[in-house]
Amino acid sequence: MNNFGKSGKPILAVEDLSIDLASRGGRVKSILKNVSFKIFPGEIVGLIGESGSGKSMTSKAVLGMMPERMQVKSGLIDFEGKNLLLYTKKEMQKIRGSRLSLIPQDALHALNPVVKVGVQTSEPFFIHKKMSKKKRQESAIELFGRVKIPEANLKINDFPHQFSGGMQQRALTAMSISMKPPLVIADEPTTALDVTIQAQIIKMLKELSTDLKISFLFISHDLGLISSICSRVYVMNHGEIVEQGNISDVFLNPRHPYTQGLIGCRPKLLGNLRRLKTIDADLSDNGFISTTNYKVKKQNQTASVKSVSVFADAKSYEPQVTKISKEPIFDVKGLSKVFFTGNSVFQAQRSKTALSNISFSIRPGESLGIVGESGSGKTTILRILLKLIPYTEGHVTFGEKELSKFSSNDLKSFRQLVQPVFQDPYSTFNPRFSIFSSLSLALEVQNLSEKGSRKQLILDILDQVGLPYELSQSYPHQLSGGQRQRAAIARALLCNPKVLLLDEPTSALDVSVQAQVLNLIKDLQDIYDFAIILVTHDLPVVSFICEKLIVMQNGKIVESGDTKQIIMDSKAEYTKDLIAAVPLGL
Amino acid sequence: MLRNINWSKYGLVIFTIPLISLIVLSASLANFVAPYDPYALDVMVMLEGPTKEHWIGTDELGRDVLSRIIYGAQISLKVGIVAVVIGGTGGTVIGIVAAYFGGFIDNILMRLMEIVFCFPAILLAVILMANFGTSIFNAMLAIGIIFIPGFARLTRAIAQTVQRQAFLEAAICLGVPGYRIVLREIFPNVAGPVLVEATVAFSYAVLLESALSFLGLGSQPPEASWGNMINTGRGFIDQAPWISLAPGAALFATVFMFNLLGDGLRDILDPKLNE
């Protein structure tokens, strides 16, 4: 195999590793197929793939933490000259943490909430070196300094909830490098973190690698991220390594169609793409990636127009709010929201200002992106606009009416004209009902159609979002995440809305599925001409979908205006930080 | 569509329903099924072990134990089922209402439930029956009321998690009216755990009834219920263990069947277990 110019012995060499999963029914499924890769001392190697590609399973195999039902069929894992697959559980325990360690995926749940962070971080010293308590505390302070946790001597006595997400990940990193192991496996170490924090963590990992000569196996689904930290990359798909090489080779001249698709389907920060590339269905036929290859057929436009007229017939009332020309649909002025916690009698009431003085407006057919990190109040805005929670001050007008002064008739038409798509595809449908049943509920409560025509309408709309009709009888858990998000979009569209409110609609999806859903949203907007308010932390997604942009921080708008303009020439310091933190890729 | 149904998940229900109907039928047709009059004394065969005439022996007054178990099932099943229906319905309604409206109503209802929880179950039943008089119906009512807080807490907890799910907000945004949100979105997700809780409550109700009879508040001797048979049999456990063991076994079998039924129903009701 090509050593890419590296000389010397690799620290980890996985050769021809195949792993099977035996299911309870006796069926055998191949999880890893002939996986081979090498990591040399001091190197950061990327392993990229989507969910189900087997990348996490690879890391588990190396760490000797495979589930019982996994069986190694062939291959070897050569770590410092010894085959790890032959190690007993006890021997593995000795290596883990001292020679080989892990930075886990979900930083926010990886620390024990009832044990001081300093104690947890220095645990390896106790386990592997039997160090005294006092010495452990000193080394914990030193480690905290290394991962740049300020005021280390105070912070070691804090509990995990007193740490921010980024700090928790730093503490976990400190733990994993505590014994100065030659190899650390970082399994999606930044997925739960905001982009600016992510950039800091990446910088820190790089420094650790050069300072301490630690090799990293960096597992991620994020191409931009991989290309900003790794020198070499392996691309995994369906348990196989489909491409490998130097980062620039792979990213600039991808040879395998899967890699090409992966690179093309990620929206660029300043791309002027009309559509994102998608990965062909036949390439991913094992159901790991949403298998429905969707296309919006132009002839369907007539079908949708037809259904619109059905809606118009069914509407007996003539709501004022629909008479909108180019007046703003939503007009928000001086909006603020204060949350109160602790109830009256026994606890002192505390208040937290989630939003202050927010103003913006959106006109029919426009698309507006609201970008901010966690805690910026972007989801709160959305929930206010959906009239799920009341607001404290200011004015939100829909059409000509103030949101808080709706009559029941206004509310009825509002509930038709404003529709949400939520972030989590797993809870967006009631698990007890089939997709068809959930969709027909939408038509039923909206009173939008005769009972007989419902089936046809649902059939049309499912076709529009690229879901085969057979799937409508399935229950939500039988669909993939991407399919569920499509169904959620279908449910929203059934109401023929004027505004679609999207709350991170793609952040829980794989990049290739994300591309399909983003394309779908854009195409549907062309056909139905609804306005979009998109809430997300993901700047490239906003720049793909929205022409207007609001950047939020701590409940305030820091910048707003034309998307392209803001990205190219941002005025606010925070926006600049946000843009700089987006891993650009090559 | 028929062939898409996974029959294996109906196995438990198909297995338990005939057995439960057997128990229920023999109880309701006790007049025809029972070999002896459950109250007929026969001092000649006092504390006799199983014989050809008396299949599971006789008790301290020479009454046929098998007949008394069959007649006793009438009271025990009635108490169990009625109490669980009262407790389950009341608790579920209170729990869902508390979770749905939240705030002040939630506070009031749940504090009320905690007050009910404060009293030992037996004491509460005694207080209730001191007020309303002793009768088997009042015993069922009392036991049912004791169950309400447990069901209410369970239901409220589940309903609250359901309410945080996106599909509930999606339903609100579709303009689904409140009563349908409760009936269609919340209730089906609550029903499974409530059903399982109900089978446990059933067995507890039968035992509680026996404790109440022991205090002279439930079914009164010579009337037979499984609970008071177990109780009176205790005194003879060394000479004639069958007097309490046999109704105990009947209780065990019934509770076990209801538990299995509960599991089976949960499997059917939960679409996630389809595969």
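How many bridges join β1(A) to strand β2 (residues 28-39) of chain A, and in which sense do the two strands run? In this predicted model, eight bridges join β1(A) to β2(A), and the two strands run antiparallel. One pair of bridge partners consists of A:D20 and A:S30, the latter lying in β2(A). On the evidence of burial, strand β1 (residues 12-22) of chain A is mostly covered, since eight of its 11 residues are buried.

Strand β1(A) also pairs with strand β4 (residues 70-79) of chain A, again in the antiparallel sense and over eight bridges. Here A:I19 stands opposite A:V72 of β4(A). Strand β4(A) is in turn joined to β5(A) by two bridges, and these strands run antiparallel. Within that pairing, A:D78 has A:N83 of β5(A) as its bridge partner. Taken together, four strands of chain A form an open sheet with antiparallel pairing, in the order β2-β1-β4-β5. The edges of the sheet are occupied by β2 and β5 (82-83) of chain A; each has a single partner strand, so one side of each is left without a neighbour in the sheet.

Chain B is built from other elements. It has 10 helices and zero strands. The C-alpha trace of chain B spans about 75 × 55 × 30 Å along its principal axes. Of the 275 residues in chain B, 48% are buried. Among contacts in this chain between residues at least 6 apart in sequence, 70% join residues at least 24 apart.

The interface of the two chains was examined next. In total, 23 residues of chain B are in contact with 29 residues of chain A. The two chains bury about 2400 Å² between them, and 58% of this area is on carbon and sulfur atoms. Of the area that chain B buries against chain A, 29% is supplied by B:C173, B:L174 and B:R184, more than by any other three residues. Two salt bridges are counted between chain B and chain A. In one salt bridge, A:R383 is joined to B:E169, with the closest N and O atoms 2.4 Å apart. Across the interface, 12 residue pairs are in polar contact. On the side of chain B that touches chain A, the elements giving two or more residues are α7 (166-173) and α8 (178-214) of chain B. The largest share of this side, six residues, comes from α7(B). By residue class, the side of chain B that touches chain A divides into 12 nonpolar, four polar and seven charged residues.

Residue A:Q419 offers a view of this interface from chain A. This residue is found in strand β16 (residues 418-421) of chain A. With a relative accessible area of 2%, A:Q419 is buried, because values under 20% count as buried. The side chain of A:Q419 reaches the backbone oxygen of A:R415 at 2.7 Å. Beyond its neighbours within four places in sequence, the contacts of A:Q419 include A:Q446, A:A492 and A:C495 in chain A, as well as B:C173 and B:L174 in chain B.

Salt bridges were then considered over the whole structure. Side chains of opposite charge can pair when their charged atoms come close. A search of the whole structure finds 21 salt bridges over all chains. In chain A, the side chains of A:E504 and A:K378 meet in a salt bridge with an N to O distance of 3.8 Å. Residue A:E504 lies in the loop between β17 (499-503) and α19 (511-528) of chain A, and A:K378 lies in helix α14 (residues 378-385) of chain A, so the pair ties together parts that are 126 residues apart in sequence. A:E504 is buried, with a relative accessible area of 7%, and A:K378 is buried at 7% as well.

In chain B, a salt bridge forms between B:D106 and B:R156, whose closest N and O atoms are 2.7 Å apart. This pair links distant parts of the chain, with B:D106 in helix α4 (residues 103-118) and B:R156 in helix α6 (residues 136-163), 50 residues apart. Residue B:D106 is buried, at a relative accessible area of 11%, whereas B:R156 is partly exposed, at 21%. Another salt bridge of chain B joins B:D59 to B:R63, with the closest N and O atoms 2.9 Å apart. Of these partners, B:D59 counts as buried at 4% relative accessibility, and B:R63 is buried at 7%. Both residues belong to a network of salt bridges that links B:D59, B:R63 and B:R68.

How values were computed: Residues are numbered from 1 along each chain as its sequence is written. Chains are lettered from A and ligands numbered from 1 in the order in which they are written. This is a predicted model: local features need pLDDT of at least 70, side-chain atom pairs count only at pLDDT 80 or more; totals for chains, interfaces and linings use all residues. Side-chain values use heavy atoms; hydrogens and water are left out. Buried means under 20% relative accessible area, exposed over 50%, partly exposed in between (1.4 Å probe, protein chains only). Two strands pair if DSSP finds at least two bridges between them. Contact means heavy atoms within 4.5 Å. Buried area is the accessible area (1.4 Å probe) that two parts lose on being put together, summed over both. A salt bridge is a side-chain nitrogen of Lys or Arg within 4 Å of a carboxyl oxygen of Asp or Glu. A polar contact is a pair of N or O atoms within 3.5 Å; within protein, one must be able to donate a hydrogen and the other to accept it, and residues adjacent in sequence count only if both atoms are side-chain atoms. Ala, Val, Leu, Ile, Met, Phe, Trp, Tyr, Cys and Pro count as nonpolar, Asp, Glu, Lys and Arg as charged, and the others, Gly among them, as polar.
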